[in-house]
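Me: I have a structure to go through with you. Could you explain the reasoning behind a few of the labels?

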Amino acid sequence: LKPAPVAGSWRGRRGRATLAFGFFALVPRSNTKAKPKDVTSVKTYFPNEPTNDWVLVDAAGMRVGRLATQIASILKGKHKPTYSPHQPGGDFVVVINADKVEFTGDKLDAKVYTRYSGYQGGLKKTTAREMLDKHPERVIEHAVWGMLPKTRMGRRLIRRLKVYPGEAHPHDAQQPKKWELA
């Protein structure tokens, strides 16, 4: 410890008011200490009864990316006032006319979907044009999966997506509401 200023001096090293007695300086402190917050009183909101409605989306003439962002938002439940990021509270989504989606620019030939079998030389490449011809539902499923979290909840949400290449779908009993996407 360095010796304090001369006894009775009110000016310390940094200009703060101190009162020195011998080698120890007494610095006035405030009595307003920050009290620790009681975190036991914080309550997590849980909706009483999560309601999962069914939504029908017509994909004819829509851009794939813009369609997928809105579908992912519906699946996560962001359109509901009871949205909670750690709970799956979204709706089931039925997509029809998946074979009539559009890509912008030259993405039909430039965009490449890859999958790997796990064996050496087992990398399969498919362009968007080939994918739309063979499996048009996979184009939307792949785009929506890219916009969902890659967790247990994301895997649970992607099962609520039902994609069909034509107008027909087997979910008439659920009475899906037509959803107009912007």
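Me: Which residue lies over the face of Phe 92?

Reply: Happy to help! That is Arg 160, at 5.4 Å from the ring centre. A charge sits over a ring if NZ of Lys or CZ of Arg is within 6 Å of the ring centre and within 35 degrees of the ring normal. Bear in mind that this is a predicted model, where local features need pLDDT of at least 70, side-chain atom pairs count only at pLDDT 80 or more, and totals for chains, interfaces and linings use all residues. Residues are numbered from 1 along each chain as its sequence is written, and side-chain values use heavy atoms, leaving out hydrogens and water.

Me: Where does the charged end of Lys 150 sit?

Reply: Over the ring of Trp 145, 5.3 Å from its centre.

Me: Why is the pair of Trp 54 and Phe 92 called stacked?

Reply: Their ring centres are 4.5 Å apart and their planes are at 5°, so the pair is stacked. Rings of Phe, Tyr and Trp (its six-membered ring) pair if their centres lie within 6.5 Å, and planes under 30 degrees apart count as stacked, over 60 as edge-to-face and the rest as tilted. A search of the whole structure finds 1 aromatic pair.

Me: What makes Asn 97 count as buried?

Reply: Its relative accessibility is 2%, and buried means under 20% relative accessible area, exposed over 50%, partly exposed in between (1.4 Å probe, protein chains only). Asn 97 also has a positive phi of about 60°, although it is not a glycine.

Me: Is Gln 175 buried or exposed?

Reply: Exposed, because Gln 175 has a relative accessible area of 64%.
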